[in-house]
Amino acid sequence: MASDKSELSNDDLLENASVDKLPRSALQAIYHAVTGKTESLSKILRGNVVISAQDFNNLYERICDQLELYNVEMGPTVSVVVKHASDKSVTYSSWERFQSLRVQNHEITSEIILRLEFVITLPQAPGPQRCIINVNLDSSLPVLIDRGAEEEGGIEEISFLFLVRRHWASVKISIDFVDFLVAKSFVSTIEEWFQTLKKTPRKPLNDFLYKKYTVIQAGVSQLSRIGMAAFLFGFYAFSPIPAGVSDLVVLAAVGLSIWSVIVMCQASIMRAVRRRISANVVPSVILLNDADCEAYDEVKEGWNSAAITILGLGLTVLLSIASNLISSFLYSYYF
């Protein structure tokens, strides 16, 4: 009888210890202990912002403040990787070392990676749990500086890049975790920090041109047809005598020639429009040192007037129509 009671007690114990009844943090800890693997949470924060050295310090302080809410067994171990436009990369083994040596860099910053690794103890977890936080900050300054390069095709490709990537992937978050709620709390902290950042300057009129870019492109593509219509209308208005078959052939040849010239000019017109619009689009930038600030000032000096861009487009349309009307008048007068 005693043996039967003992077996029943073990069965009851196993039933009470059902995996389904364990807390999520305990399940994740067991999974980590058995497989040696952690789960991962990642997120990309998009937006055109200015990240200063003080903003970066504030990010680190916010993460440390959030970490104080947990029972930290070990760490945090901090490392900072700073990448430059020259493809040079510098790794700092601690936050203090980064703070003391970063001022010695005089190259444009392209990327910063902040990494924190620590071990915490969670309620109902079987043991201490490891967590790794990676925050990747990306700067567009190297691309903005290269935007003025005279390499063949370089300007065209970069202008197109800035038109299709209006909102820069400024921050990339990756957290290796055992407990999802812990990882989510750190993601929320970084998101709150991101919302406090200053936005890069914007010009409302330039934003209007950006939004209507496809309409502008379609309109410019019709300049040749508009010009042809103006040429034919001018011929009708300036020629009192009906034209013969030979005159119509010459008329068509002249009109198509003007059409071809306008078509060839359309690519240059749209390239100029793209360059002017994209020059006023400033994605996220990191201002970590004097070189970054100087490069940013250089970018701001390259801004142009969106009103002049609109005026130039209007004058282009008028010039296309006027040139065709003048051509039809000269054709009617001399032929």
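Helices here are DSSP runs of H or I at least four residues long, and strands are E runs of at least two, both numbered from the N terminus. With that in hand, here's a quick tour of this predicted model. One helix, α3, lies across three strands, β3, β5 and β6. Those strands belong to an open sheet of six, and further along the chain α9 and α10 pack against each other.

**The sheet**
- Reading across, the strand order goes β1-β7-β6-β5-β3-β4, and the pairing is antiparallel.
- At the edges sit β1 (39-46) and β4 (89-92), each of which pairs on one side only.
- Ignoring direction, neighbouring strands in this sheet are turned by 15 degrees against each other on average.

**β1 and β7**
- Strand β7 (residues 169-177) pairs with β1 in the antiparallel sense, over eight bridges.
- If you want a spot to look at, R46 has A169 in β7 as its bridge partner.

**The helix on the sheet**
- Helix α3 covers residues 53-67 and lies across β3 (71-84), β5 (109-121) and β6 (129-138).
- Relative to β5, α3 runs at about 10 degrees.

**α9 against α10**
- Helix α9 (residues 213-221) packs with helix α10 (residues 223-238) at an angle of about 40 degrees, and their axes are 4 Å apart.
- That angle is why the two helices, α9 and α10, count as oblique to each other.
- On the α9 side the contact is made by G219, V220 and S221, while α10 brings L223, S224 and R225.
- Sorted by class, this α9 contact with α10 has two nonpolar, three polar and one charged residues.

Definitions and conventions
Residues are numbered from 1 along each chain as its sequence is written. This is a predicted model: local features need pLDDT of at least 70, side-chain atom pairs count only at pLDDT 80 or more; totals for chains, interfaces and linings use all residues. Side-chain values use heavy atoms; hydrogens and water are left out. Axes are lines fitted to C-alpha atoms, for helices over the stretch in contact, and angles run from 0 to 180 degrees between N-to-C directions. Angles under 35 degrees count as roughly parallel, over 145 as roughly antiparallel, 65 to 115 as roughly perpendicular and the rest as oblique. Contact means heavy atoms within 4.5 Å. Ala, Val, Leu, Ile, Met, Phe, Trp, Tyr, Cys and Pro count as nonpolar, Asp, Glu, Lys and Arg as charged, and the others, Gly among them, as polar. Two strands pair if DSSP finds at least two bridges between them.
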